[in-house]
Amino acid sequence: MLNKSVFGFMTVVLSLGIVITTPGKSPAQGNSPPKLFDAVKEDVNNQPTSKDNLQARHHVLRILSGILLKETGREDFDKVFSREKNDKIMALSEAGNFKEAGEMIDSALLGLCRLGEKTWLADIRKVSFVSLEGVKVVGYLFIPPKPVKAAFIFGHGGFGYKENWIDLIREISNKANVYALAIDFQGCGESQGYTKWQGRIKDFSYAIDYLEKEFGLTKFAVGGHSGGGAYPAACAAINDVRISALTLWDCPFDFYDMHIIEGATDPGGNPAPLVERTYLANKDKILVPTEVFKFRDIPGHLNEIYDEIEGILKNYRHPAKMLGEAQKKRKLAVLHIIAEDVLKPIGDNRMGETYFLPFEDTQGSRKRFLNRPLAFFASGLFNRPQGAWKEWEADLSEPKKFVIIENTTHGFEPPGRNQAIEETISWLKLYLAA
């Protein structure tokens, strides 16, 4: 059955064949990755929607509609893919009429592509690369007309997806004149695998490998929002000497020392229970292969996920200090953009959400999280301890900059988002593109 929240929260990304540039050839030889809408049209024309791929194709509609609606306007959008058309597609599929439903999906997809080609979104290129472990990571790439040999790679927060940051990477590509890439971390969006923080850290280096090989780039900056910045982007910058600039968007360093509830006897920074809770809430639902969480992989890896994340938190106990030491050894410019909203006291457990892990079949490090509430969205996790950001700033070496964006949230709603983008561009012009 198709998901009826097509115009709601986007949970998955395109289920299209990924085109990788031919190894050993440069973009100047005509092997630059295809533009997104060209890839969609080619996929539809080569393999029309059928019973076997109908649900995956419907998710393509979800993602395209989500990114195009605000750019095209409701009137033009509804001519191609209105709510009524979506309802009819779902009714046809539920009735088993996959042929007619598929024809409607293909028509809507091609129509959305025609709309998209008239917008700035037409410049998006879709790329993928494979980790040493064989896990495919997918991203959106912008290439300016006359780029320098530099690139910026950005990772989403938590269990988000690359589509959240299209505006950021487009502006950086245009104004800093560099290649700009937003990726889905392993286990999220279109990327394969399951949630591993070490995998997320390595994703940045794998992206650099790809950009070096395919485009001959020589200078790199990385960045991330929230949990995509600390630890993945921050730790990548600590480890990979090719990275010369780092931009963090509201990243709470030192998760390990930030207890979820006051008086907790063990670290509250391990997000593995959130993975488990989400799996348990969705394990009985019908999911397409590209669902954000790779639920089918989680049951056999739960203990590994707990142990792996806990190990990362211990190994990088104080990443701000580690970044400061790395800065003393090589050029590494660190910008930390902080949303003012999360610096304000918000009281106890504003969202009132707690979670107890199940007792059955629990082994290893999971036992330590049993029988106490895990208030994932309580102030103790997402609110910064008073003065914490000043301590992190003191831990860093030069060049560094901390910017507090007023009147915005952790998710960086406009107009604060616009200021954060401009701060990022200015930083990259100073320490990457120059």
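Tutor: Let's start with vocabulary: helices (H or I, at least four residues) and strands (E, at least two) are DSSP runs, numbered from the N terminus. With that in hand, Thr 49 can be placed in the loop between α1 (36-46) and α2.

Student: What kind of model is this, and how are residues numbered along each chain?

Tutor: This is a predicted model, where local features need pLDDT of at least 70, side-chain atom pairs count only at pLDDT 80 or more, and totals for chains, interfaces and linings use all residues. Residues are numbered from 1 along each chain as its sequence is written, and side-chain values use heavy atoms, with hydrogens and water left out.

Student: Back to Thr 49, then: buried or exposed?

Tutor: The general idea is a cut-off on relative accessible area: buried is under 20%, exposed is over 50%, and partly exposed is in between (1.4 Å probe, protein chains only). Thr 49 has a relative accessible area of 9%, so it is buried.

Student: Which residues is Thr 49 in contact with, leaving aside its neighbours within four places in sequence?

Tutor: Contact means heavy atoms within 4.5 Å. By that rule Thr 49 touches Leu 54, Arg 57, Gly 102, Ile 105 and Asp 106. Gly 102 sits 53 residues from Thr 49 along the chain, yet their C-alpha atoms are separated by 4.8 Å.

Student: With which side chains does the side chain of Thr 49 make a polar contact?

Tutor: A polar contact is a pair of N or O atoms within 3.5 Å; within protein, one must be able to donate a hydrogen and the other to accept it, and residues adjacent in sequence count only if both atoms are side-chain atoms. Here the Thr 49 side chain pairs with the side chain of Arg 57 at 2.9 Å and with that of Asp 106 at 2.5 Å.

Student: How do I read helix packing, say at what angle α2 and α4 pack?

Tutor: Fit a line to the C-alpha atoms of each helix over the stretch in contact; that is the axis, and the angle between N-to-C directions runs from 0 to 180 degrees. Under 35 degrees counts as roughly parallel, over 145 as roughly antiparallel, 65 to 115 as roughly perpendicular and the rest as oblique. Helix α2 (residues 54-72) and helix α4 (residues 83-94) pack at about 170°, their axes 12 Å apart. That makes α2 and α4 roughly antiparallel to each other. On the α2 side the contact uses Leu 54, His 58 and Leu 61, and on the α4 side Asn 86, Ile 89, Met 90 and Ser 93.

Student: Why is helix α8 described as largely enclosed?

Tutor: Because 10 of the 11 residues of α8 (residues 229-239) are buried, the rest of the structure largely encloses this helix. Those buried residues pack against α7 (197-215), β5 (219-225), β6 (243-249), α10 (302-315) and α11 (319-329).

Student: Where are the cis peptide bonds?

Tutor: One joins Glu 398 and Pro 399, with omega about -5°; Pro 399 is in the loop between α13 (388-395) and β8 (400-405). Another joins Pro 414 and Pro 415, with omega about 5°, and Pro 415 lies in the loop between β8 and α14 (416-433).

Student: What about backbone phi at Asn 177 and Asn 407?

Tutor: Asn 177 has a positive phi of about 60° although it is not a glycine, and is partly exposed at 24% relative accessible area. Asn 407, also not a glycine, has a positive phi of about 55°; with 63% relative accessible area, Asn 407 is exposed.
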